[in-house]
Amino acid sequence: MENLLNALNAIYSTDIQSNFHDIAEKLMYNYIIKKGESSYAIVEIEFYYHSPYHPDIITYPRNLRGGRWFFHQSGVDLTFDSESTILDKNGYVTNPGEAIFGGILIRGLYDIDTHAYTFGPQKCVNILWQDLGAFSELDGYPTIERVPEGVILRRIQEYKRCINIEQDKEIDKVKEWAKRVGKKVDDMLESDLKKEFDKIINAKYRFFNLQNGENPTSFTKIPIKARP
């Protein structure tokens, strides 16, 4: 557990892709999410990480320690250390030159006992946070635990992110994301904003570890719009 937490606390290398791959292996090969009596392998994740050296403006700002659950309008993240971030009353970043924040979006789960897959960030939230005890914070709360002995895991597969936005809304989305993280884009040309959008959506920060080695591009349990 300590190795995973250390990986979530800081990314020192400039080779972000390699870092994300290593963290994906640590998380998806060695850990599950335990909720009550149910155990879920993590079979799909997506990385979002913003720093002065990696300005990933689509990342939701947050101010949290590493290894926390962070809920947002798209689902739930397992957080990177984000305590250096200062936010205003709207949740926008006020110190973009120093802020570091991000997390790992949980996109797919596999029930180890029932062999059922769940795909989609909001559906994963529903599976993990339904039927929690209202009078005890420990009653069924989802936690990261070591993978049980005998659970078969496959190889990591990398794909570009799953971000479905209509073409005529791409520029406005970049401006919206930039405002959240304190980046000035008012003087940028539309062509440059489009390049920024393409860089964001084409980053291969989405990872699969399907239980039986299925190909996610054709796996029928993944909704068509969400397939790589």
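**Reasoning from values to terms**

Author: Thr 118 is found in strand β6. The model in which this residue is placed is a predicted one.

Reader: Why does Thr 118 count as buried?

Author: A residue is called buried when its relative accessible area is under 20%. Thr 118 has a relative accessibility of 15%, so Thr 118 counts as buried.

Reader: Which residues are in contact with Thr 118, leaving aside its neighbours within four places in sequence?

Author: With those neighbours set aside, Thr 118 is in contact with Arg 107, Gly 108, Leu 109, Lys 123, Cys 124 and Ile 127. One of these partners, Cys 124, is itself a buried residue of α3.

Reader: What makes it correct to say that the buried residues of α3 line one face of the helix?

Author: The buried residues in question are Pro 121, Cys 124, Val 125, Leu 128 and Trp 129. When one looks down the axis of α3, these residues fall within an arc of 105 degrees, and therefore they line one face of the helix.

Reader: What covers the buried residues of α3?

Author: The cover includes the strands β1, β2, β3, β4, β5 and β6.

Reader: What is notable about the phi of Asp 131?

Author: Asp 131 has a positive phi of about 55 degrees although it is not a glycine. Most residues other than glycine have a negative phi. Asp 131 is found in the loop between α3 and β7.

Reader: Is Asp 131 buried or exposed, and how do you know?

Author: The term exposed requires a relative accessible area over 50%. The value for Asp 131 is 72%, so Asp 131 is exposed.

Reader: Where does His 115 lie, and what is its phi?

Author: His 115 lies in the loop between β5 and β6. Its phi is near 65 degrees, a positive value in a residue other than glycine.

Reader: How many residues has the largest nonpolar core, and which have the most contacts inside it?

Author: This core has 33 residues, and those with the most contacts inside it are Phe 20, Ile 45, Phe 47, Phe 80 and Ile 104. At least two of its residues come from each of α1, α2, β1, β2, β4, β5 and α3. The largest share, 6 residues, comes from α2. In soluble globular proteins, nonpolar side chains tend to be buried together.

Reader: Which residues are in contact with Ile 45, apart from its neighbours within four places in sequence?

Author: The contacts of Ile 45 include Ala 24, Leu 27, Met 28, Ile 104 and Phe 207. Apart from the largest core lies another core, of 18 residues, among them Phe 101, Val 174, Trp 177 and Leu 193.

Reader: Why is the pair Asp 56 and Arg 161 called a salt bridge?

Author: The term requires a side-chain nitrogen of Lys or Arg within 4 Å of a carboxyl oxygen of Asp or Glu. In this pair the closest N and O atoms are 2.4 Å apart, so the pair meets the cut-off. Asp 56 lies in the loop between β2 and β3, while Arg 161 lies in the loop between β8 and α4, so the salt bridge ties together parts that are 105 residues apart in sequence.

Reader: Are Asp 56 and Arg 161 buried or exposed?

Author: The limit for a buried residue is under 20%. Asp 56, at 6% relative accessibility, therefore counts as buried. Arg 161, with a relative accessible area of 4%, is therefore buried as well.

Reader: Why is Asp 198 called partly exposed?

Author: Partly exposed covers values between the limits of 20% and 50%. Asp 198 has a relative accessible area of 26%, so Asp 198 is partly exposed. Its salt-bridge partner Lys 194, at 28%, counts as partly exposed too. Both residues lie in helix α5, 4 residues apart, about one turn of the helix.

Reader: What makes Lys 199 and Glu 196 a salt bridge?

Author: The distance from N to O is 3.7 Å, which is within the 4 Å cut-off, so the pair qualifies. Glu 196 is buried, because its relative accessible area of 8% is under 20%. Elsewhere, salt bridges that share partners join Glu 44, Glu 46, Arg 107 and Arg 206 into one network. A search of the whole structure finds 10 salt bridges.

Reader: What is the volume of the largest pocket, and which element gives the most to its lining?

Author: The volume is about 510 Å³. Of the 21 lining residues, the closest to the centre are Ile 58, Tyr 60, Ser 74, Cys 162 and Ile 163. The helix α4 gives the most to the lining, with 4 residues.

Methods
Residues are numbered from 1 along each chain as its sequence is written. This is a predicted model: local features need pLDDT of at least 70, side-chain atom pairs count only at pLDDT 80 or more; totals for chains, interfaces and linings use all residues. Side-chain values use heavy atoms; hydrogens and water are left out. A nonpolar core is a set of buried Ala, Val, Leu, Ile, Met, Phe, Trp, Tyr and Cys residues joined through side-chain atoms within 4.5 Å. Buried means under 20% relative accessible area, exposed over 50%, partly exposed in between (1.4 Å probe, protein chains only). Contact means heavy atoms within 4.5 Å. The arc is that of the directions from the helix axis to the C-beta atoms. On a 1 Å grid over the protein atoms alone, a cavity is a set of points where a 1.4 Å probe fits but cannot get out, and a pocket is an open set with protein on both sides within 12 Å along at least five of seven lines; lining residues have an atom within 4 Å of a point. Grid points are joined across faces, edges and corners, and a volume is the space filled by probe spheres set on the points.
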